[in-house]
Amino acid sequence: MELAKIETFAKVEAADVSGADMMVARCLAAAADGDINAYYDLGVAFSTGSHGVNCDMIEAHKWFNLAASKGHEAASWCRADISDEMTAREISEAQRRAREWLRTGISRAA
């Protein structure tokens with residue numbers, strides 16, 4: 001019996017290293033290092049659906065919340081703005097995700 005090649009089962013495409021994929025990847029790497037501007041940029045990307053990400057208000061709130069907690073003034077305004085469009089349950093989930101991000105970041109640093 002002949003083994004099937006992986007190409008039969010998976011369509012492999014290269015990442016867009018010059019565009020949106022890399023912007024999000026760079027922001028995630030910078031966010032992992034605690035860069036508050038990266039937190040804000042991720043919030044903008046998720047709230048607008050730009051840079052190749054799907055619009056996700058819970059993720060946007062999470063990133064704006066992280067930036068605002070570190071003193072990013074525009075992020076606090078953006079967080080308040082999108083909160084008006086979210087349910088209490090969605091906001092609670094966003095806050096849980098932000099706490100999880102902080103918790104895993106602290107354990108990575110230790």
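Is Trp101 buried or exposed? In this predicted model, Trp101 is buried, with a relative accessible area of 16%. The cut-off for calling a residue buried is under 20%, so the value for Trp101 falls in that class.

**Aromatic pairs**

Trp101 takes part in one of the 3 aromatic pairs of the structure. Its partner is Trp63, and the two rings stand edge-to-face, with 4.9 Å between centres and 70 degrees between planes. Trp63 belongs to helix H4 and Trp101 to helix H6, so this pair links distant parts of the chain, 38 residues apart. Trp63 is buried as well, at a relative accessible area of 1%. Ring pairs also bring in Tyr39, which forms a cluster with Trp63 and Trp101.

Tyr40 and Phe64 make up another aromatic pair, this one tilted, with a centre-to-centre distance of 5.8 Å and an angle of 50 degrees between the planes. Here too distant parts of the chain are linked: Tyr40 lies in helix H3 and Phe64 in helix H4, 24 residues apart. Phe64 is buried, with a relative accessible area of 1%.

**The nonpolar core**

In soluble globular proteins, nonpolar side chains tend to be buried together. The largest nonpolar core in this model has 26 residues, and the members that touch the most others are Ala31, Tyr39, Leu42 and Trp63. Helices H2 (20–32), H3, H4, H5 and H6 (88–109) each give two or more residues to this core. H4 supplies the largest share, 7 residues.

The contacts of Trp63 show how it sits among these helices. Leaving out residues up to four places away in sequence, Trp63 touches Leu28, Ala31, Tyr39, Leu42, Gly43, Phe46 and Trp101.

Helix H5 (residues 73–83) has Ala75, Ile82 and Ser83 as buried residues. Viewed down the axis of H5, the buried residues fall within an arc of 105 degrees, so they line one face of the helix. Glu73 and Trp77 are exposed on the other side of H5.

**Two histidines in loops**

His72 lies in the loop between H4 and H5. It is buried, with a relative accessible area of 14%. Two polar contacts involve its side chain: one goes to the side chain of Asn37 at 3.5 Å, and the other reaches the backbone nitrogen of Ala75 at 3.2 Å. Apart from neighbours within four places in sequence, His72 is in contact with Ile36, Asn37, Tyr40 and Ala67. Of these, Tyr40 is also the ring partner of Phe64.

His51 is found in the loop between helix H3 (36–48) and helix H4 (57–69). His51 counts as partly exposed, at 38% relative accessibility. Its backbone has a positive phi of about 60 degrees, although His51 is not a glycine.

**Salt bridges**

Side chains of opposite charge can pair when their charged atoms come close. The count for this model is 5 salt bridges. The table gives three of them, with the N to O distance and the relative accessible area of each residue.

| Salt bridge | N to O distance | Basic residue | Acidic residue |
|---|---|---|---|
| Lys62 and Glu59 | 3.3 Å | Lys62, 8%, buried | Glu59, 13%, buried |
| Arg96 and Glu93 | 2.7 Å | Arg96, 39%, partly exposed | Glu93, 24%, partly exposed |
| Arg103 and Glu100 | 2.6 Å | Arg103, 48%, partly exposed | Glu100, 31%, partly exposed |

Lys62 and Glu59 both lie in helix H4, 3 residues apart, which is about one turn of the helix. In helix H6, Arg96 and Glu93 are 3 residues apart, so about one helical turn separates them. Arg103 and Glu100, likewise in helix H6, are 3 residues apart and separated by about one helical turn.

Which residues are linked in a network of salt bridges? The network consists of Glu59, Lys62, Glu93, Arg96 and Arg97. Within it, Glu59 and Lys62 come from helix H4, while Glu93 and Arg96 come from helix H6. These two helices also hold the edge-to-face pair, through Trp63 in H4 and Trp101 in H6.

Definitions and conventions
Residues are numbered from 1 along each chain as its sequence is written. This is a predicted model: local features need pLDDT of at least 70, side-chain atom pairs count only at pLDDT 80 or more; totals for chains, interfaces and linings use all residues. Side-chain values use heavy atoms; hydrogens and water are left out. Helices (H or I, at least four residues) and strands (E, at least two) are DSSP runs, numbered from the N terminus. Buried means under 20% relative accessible area, exposed over 50%, partly exposed in between (1.4 Å probe, protein chains only). The arc is that of the directions from the helix axis to the C-beta atoms. A nonpolar core is a set of buried Ala, Val, Leu, Ile, Met, Phe, Trp, Tyr and Cys residues joined through side-chain atoms within 4.5 Å. Contact means heavy atoms within 4.5 Å. Rings of Phe, Tyr and Trp (its six-membered ring) pair if their centres lie within 6.5 Å; planes under 30 degrees apart count as stacked, over 60 as edge-to-face and the rest as tilted. A polar contact is a pair of N or O atoms within 3.5 Å; within protein, one must be able to donate a hydrogen and the other to accept it, and residues adjacent in sequence count only if both atoms are side-chain atoms. A salt bridge is a side-chain nitrogen of Lys or Arg within 4 Å of a carboxyl oxygen of Asp or Glu.
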